Amino acid sequence: MQPCDQNWTHITEFVMVGFAEVHETRCLFFTLFLTMYLLTLVENLAIILVVGLDHRLRRPMYVFLTHLSCLEIWYTSVTVPKMLAGFIAGDGGKNISYVGCLSQLFIFTFLGATECFLLAAMAYDRYVAICMPLRYGALVSWGSCIRLSAACWLVGFLTPILPIYLMSRLTFCGPNVIDHFFCDASPLLALSCSDVTLKETADFLVSLAVLLTSSTVIAVSYGNIVWTLLRIRSAAERRKAFSTCAAHLTVVSLFYGTLFFMYVRTKVAPSINFNKVVSVFYSIVTPMLNPLIYSLRNKEVKGALSRAFSSRSWKGQ
């Protein structure tokens, strides 16, 4: 919290520092992040197209995967274009309005929470498929899949309403420099000259509720999966069953590991530069890696990609 003198004026615009410490190599970092952003778009669009065009993948598991790929595209697009503008557009590219800053934080939190719930829904899908295969069609029908996906998006949308409302009630009277590459809650709270105790508490409780709810579903689902796999006598059958959820488990480990570190805290982070590195990992690196993980660790997706490219090559000849 910043001290506020009697001549304060309400801030209407923020300046995002971004990666000012790499000013001399900004072209290199701009190229690196642009490449990662374009790869994220191409990879996730490829997943969406392959699932949509290949009738073999028209199953609930891949419907959830399509939702996840759509979310990853929006998730990176909320922060990366503005960050890239800060590298090449001078001081003007680093400015963001007060309303724009809160809007960016709302959308980013909404998409992050939705991803938590989608990953939990995908874990439940794998649990039913492995532990109750005979009831899979009844428990994870197309109707239930659509309702579950819609619920993930709805609850994700409701998640940031209270935190953003409380943020909008805070007073920002200067300075207006955000030491981050997007409008995250922690660096914004450091600029407020109001008492941020209630806001910090609300952020902690909301983050904890989202992470604990979704991670509990994932943990219980995989606990039952492991128990079921241990009772399968054939090693080949165990490997085959586990291979269907290996990609999802890898994605969950990457995503939740960084989120638990970043957001289940009650105080403003002391190491801003380290937080930037972690933020880059879960907001840029992870969305780029997820499609690769699903395509490399999932034989059905790998096969669908091979068929799509081979068919395209054959038509081009």
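**A walk through the helices, cysteines and rings**

Helix H5 is a good place to start: its buried residues are covered by neighbours that include H2, H3 and helix H4 (136-139). Keep in mind as you look around that this is a predicted model. In H5, the buried residues are Ser-144, Cys-145, Ser-149, Cys-152, Trp-153 and Gly-156. The helix itself has 17 residues, and from its first C-alpha to its last it reaches 24 Å, close to the 24 Å expected at 1.5 Å a residue.

Let us stay with H5 and pick out Cys-152. Its relative accessibility is 5%, so Cys-152 counts as buried. Why does Cys-152 not form a bond with Cys-145? The closest cysteine sulfur to that of Cys-152 is indeed the one in Cys-145, but it is 9.5 Å away, which is too far for a bond. A disulfide needs the two sulfur atoms to be within 2.5 Å.

Where, then, is a disulfide to be found? The structure holds one, and it joins Cys-101 to Cys-183, with 2.0 Å from S to S. Cys-101 lies in helix H3 (residues 98-131), while Cys-183 lies in the loop between strand E3 (177-178) and helix H7 (185-191), so the pair ties together parts that are 82 residues apart in sequence. The link is left-handed, with -125° about the S-S bond. Both Cys-101 and Cys-183 are buried. Another cysteine to look for is Cys-116, which is buried too, with a relative accessible area of 2%.

Now for the aromatic rings. The structure holds 18 aromatic pairs. One of them is made by Trp-74 and Trp-153: their ring centres are 5.7 Å apart and their planes meet at 65°, so this pair is edge-to-face. Trp-74 lies in helix H2 (residues 60-88) and Trp-153 in helix H5 (residues 142-158), so here the pair ties together parts that are 79 residues apart in sequence. Are the two partners buried or exposed? Trp-153 is buried, with a relative accessible area of 16%, whereas Trp-74, at 48% relative accessibility, counts as partly exposed.

Elsewhere, you can trace one aromatic cluster formed by Phe-19, Phe-29, Phe-33, Tyr-75, Phe-87, Phe-108, Phe-181, Phe-182 and Tyr-282. Phe-19, a member of that cluster, also has a charged partner: the charged end of Lys-276 sits over the ring of Phe-19, 5.9 Å from the ring centre.

Notes: Residues are numbered from 1 along each chain as its sequence is written. This is a predicted model: local features need pLDDT of at least 70, side-chain atom pairs count only at pLDDT 80 or more; totals for chains, interfaces and linings use all residues. Side-chain values use heavy atoms; hydrogens and water are left out. Helices (H or I, at least four residues) and strands (E, at least two) are DSSP runs, numbered from the N terminus. Buried means under 20% relative accessible area, exposed over 50%, partly exposed in between (1.4 Å probe, protein chains only). Rings of Phe, Tyr and Trp (its six-membered ring) pair if their centres lie within 6.5 Å; planes under 30 degrees apart count as stacked, over 60 as edge-to-face and the rest as tilted. A charge sits over a ring if NZ of Lys or CZ of Arg is within 6 Å of the ring centre and within 35 degrees of the ring normal. The expected span of a helix is 1.5 Å times one less than its number of residues. Contact means heavy atoms within 4.5 Å.
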